[in-house]
Each structure stands twice: as C-alpha cells, then as structure tokens.
Amino acid sequence: MSVLPGAEPFHHDGGRVGVVLCHGFTGTPQSLRDWGVALAAAGYTVRLPLLPGHGTRWQDMNATTWTDWYGAVDAAFTELRASCDHVFVMGLSMGGGLALRLAEEHGDDVAGVVVVNPSVAGTDWRLKYLLPWLRHVVPTFPGVASDIKKSGPVELAYDRSPLHAGYSLTRLWQVVAADLPKVTQPLVVLRSVEDHIVPAASGELVIAKAGSTDKTEILLHDSYHVATLDNDAELIVKTSLDFVERVLASSPGRTQ
C-alpha cells in the first residue's frame, strides 16, 4: 500500500545529539514535520518515523496494535542510541504516550522527554465499557483529525478512527500510566487549555505521576489538540530547543 503524499517519515543526520519524534493516533509525520525540521536546523540528528498502519488507509491501521507502533519508535531510538551521545524523545498525543513509554523502558539512556497533549488516559465511559465489544461490530468511528484553532492548517490523518486500533490504544494507556513513576528523566508537558480530543486529566496525570524531579507543565492558551500545527507551534519549538540545551549544559561530556 502506497504512502499518502506528505505522510512520509522525516530523517536528518546531524550531530551526536539525537531526537526521536512520535506522531499521534491516525496521524502522520506531517503533524510534526516542522518541529523536526527546526530540530534538524539546530544541528540535531532527528528520526520521525511513520508508524505502522498509518499514512495509507484506515483499514491497514485496524490490523496493527500499540506494540507495532511502539516497535517503530523503539527501533528509531535504538538506532540513534548507537550513534548519538544523548537522545531525547518527544511526541504529540498518542506519540506523547509512546515517548513516555520509551522513557519508562530505556531509563537513563533517554536524556529528556517533551510531550504535547499526551494521550495516556481517557475519561469517556464508552471507551471502557463499549469499545471492547463494539469494535467487533463497527469497524470505525468518525475521525479525530485537525483539532486546530488556527485558520488554514490541516492535519494529514485518517478521517475515520479504526476501532480495533482504538481499543489497542486504551491498552497502551494502561501500560504507560501504570509505569509513569519510572519516568525519571527531565520532563516537559505542554498542554492545550482547550483540547477537544484528549482530556486535561491525561496531561495532568503525567505531571502528577511521573517520577521526574525536573518536570515542567506549560499551558498552551492559543491552540487546540494538534498544537504542533497551531498558533503555539513556535512556542513548542522554542521550548524544546531551550530544554535540550539546558539538559545538555548540565550533562557531563556535552556534545552537539
């Protein structure tokens, strides 16, 4: 199955500081490409993979699970860890959950974590009580793409939410949420005050339960869920660049 134009992964080989970027549920690297380009322009090595089942057609995604999506970002992290002195992980929405899972699994090999509207919990009762059986009856729900306040930008994502994949996403939530105390790296959570996709409780849970002693929550007042394409995109870029520089400055044997 061919990849949709614009949904291609983004790779850049820079210095010996690496960043793995993780996109969201039903989305593509397009939602984070500008962020990746900015990190590359700063001299960092960047990997922004296209997650399995994404960027083609929603039917392909229904044949994948969260372990497939995590496997793709884990492979990107492993690649950078072999060639870089420091590797940071960052993500949007479900990608934030995947980035946190990398931090939980890889410990001190992860230099720091930046997540935007991380998806690690849901408050809709239907997800808990209906989705487990409804996914066997109805293949999709309406999509959740392009929750953007700014006029103009459009998120390249499926217009349907595959329910088998959606059920697997809730399993990812359980795993990540249970292990949040294992996230001990420096952490930044950027959270939109008005988000129509991920509840505020999700980002609040990350801040409350992460084991990091260095953790910061930044509220985004001018963006909806896909903040990386919204009015606060430049703030996200600046925050992440400043964060990387600050963490590196306190790391022994700093390299770029």
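Here is a walk through this predicted model, from the whole chain down to a few individual residues.

Start with the overall picture. The protein chain is built from nine helices and nine strands. Of its 256 residues, 53% count as buried. The contacts also reach a long way along the sequence: among those in the chain with a separation of 6 or more, 78% join residues 24 or more positions apart.

Now find helix α9, residues 233-249. Its 17 residues should span 24 Å at 1.5 Å a residue, and the end C-alpha atoms are indeed 24 Å apart, so expectation and model agree. The buried residues in α9 are Ile 236, Val 237, Thr 239, Ser 240, Phe 243, Val 244, Val 247 and Leu 248. Look down the axis of α9 and these buried residues fall within an arc of 165 degrees, which means they line one face of the helix. The spacing makes sense if you recall the geometry: an α-helix has 3.6 residues a turn, so residues three or four places apart point the same way. Turn α9 around and the face away from its buried side carries the exposed residues Glu 234, Lys 238 and Ala 249.

What do the buried residues of α9 pack against? Their partners are β2 (17-22), α1 (33-41), β4 (86-92), β5 (112-116), β8 (187-192) and β9 (215-220).

Helix α4, residues 94-106, is another one to look at. Its 13 residues should span 18 Å at 1.5 Å a residue, and the end C-alpha atoms are 18 Å apart, so this helix fits the expectation as well. Is α4 mostly covered or mostly open? Mostly covered, with eleven of its 13 residues buried. The buried stretch runs through Met 94, Gly 95, Gly 96, Gly 97, Leu 98, Ala 99, Leu 100, Arg 101, Leu 102, Ala 103 and Glu 104. Notice that Arg 101 and Glu 104 are on that buried list, and that both count as charged.

Both flanks of α4 have something to show in the backbone. Ahead of the helix, Ser 93 sits in the loop between β4 and α4. Its phi is near 60 degrees, a positive value in a residue other than glycine. Ser 93 counts as buried because its relative accessibility is 9%, under the 20% cut-off.

Just after α4 comes Gly 107, with a positive phi of about 55 degrees. Gly 107 belongs to the loop between α4 and β5, and at 22% relative accessibility it counts as partly exposed. Leaving aside residues up to four places away in sequence, Gly 107 touches Leu 102 and Gln 185. Gly 107 and Gln 185 are 78 residues apart in sequence, yet their C-alpha atoms are 7.6 Å apart in space.

Thr 26 is worth a stop too. This residue lies in the loop between β2 and α1, and its phi is near 65 degrees, again a positive value in a residue other than glycine. With 1% relative accessibility, Thr 26 counts as buried.

Last, the empty space inside. The count comes to one cavity of 30 Å³ or more, and about 30 Å³ of space lies in the largest cavity. Its lining is made of Asn 117, Pro 118, Arg 191, Asp 195, Val 198, Pro 199, Ala 200 and Gly 203. Sorted by type, the lining residues come out as four nonpolar, two polar and two charged.

Methods. Residues are numbered from 1 along each chain as its sequence is written. This is a predicted model: local features need pLDDT of at least 70, side-chain atom pairs count only at pLDDT 80 or more; totals for chains, interfaces and linings use all residues. Side-chain values use heavy atoms; hydrogens and water are left out. On a 1 Å grid over the protein atoms alone, a cavity is a set of points where a 1.4 Å probe fits but cannot get out, and a pocket is an open set with protein on both sides within 12 Å along at least five of seven lines; lining residues have an atom within 4 Å of a point. Grid points are joined across faces, edges and corners, and a volume is the space filled by probe spheres set on the points. Helices (H or I, at least four residues) and strands (E, at least two) are DSSP runs, numbered from the N terminus. The expected span of a helix is 1.5 Å times one less than its number of residues. Buried means under 20% relative accessible area, exposed over 50%, partly exposed in between (1.4 Å probe, protein chains only). The arc is that of the directions from the helix axis to the C-beta atoms. Contact means heavy atoms within 4.5 Å.
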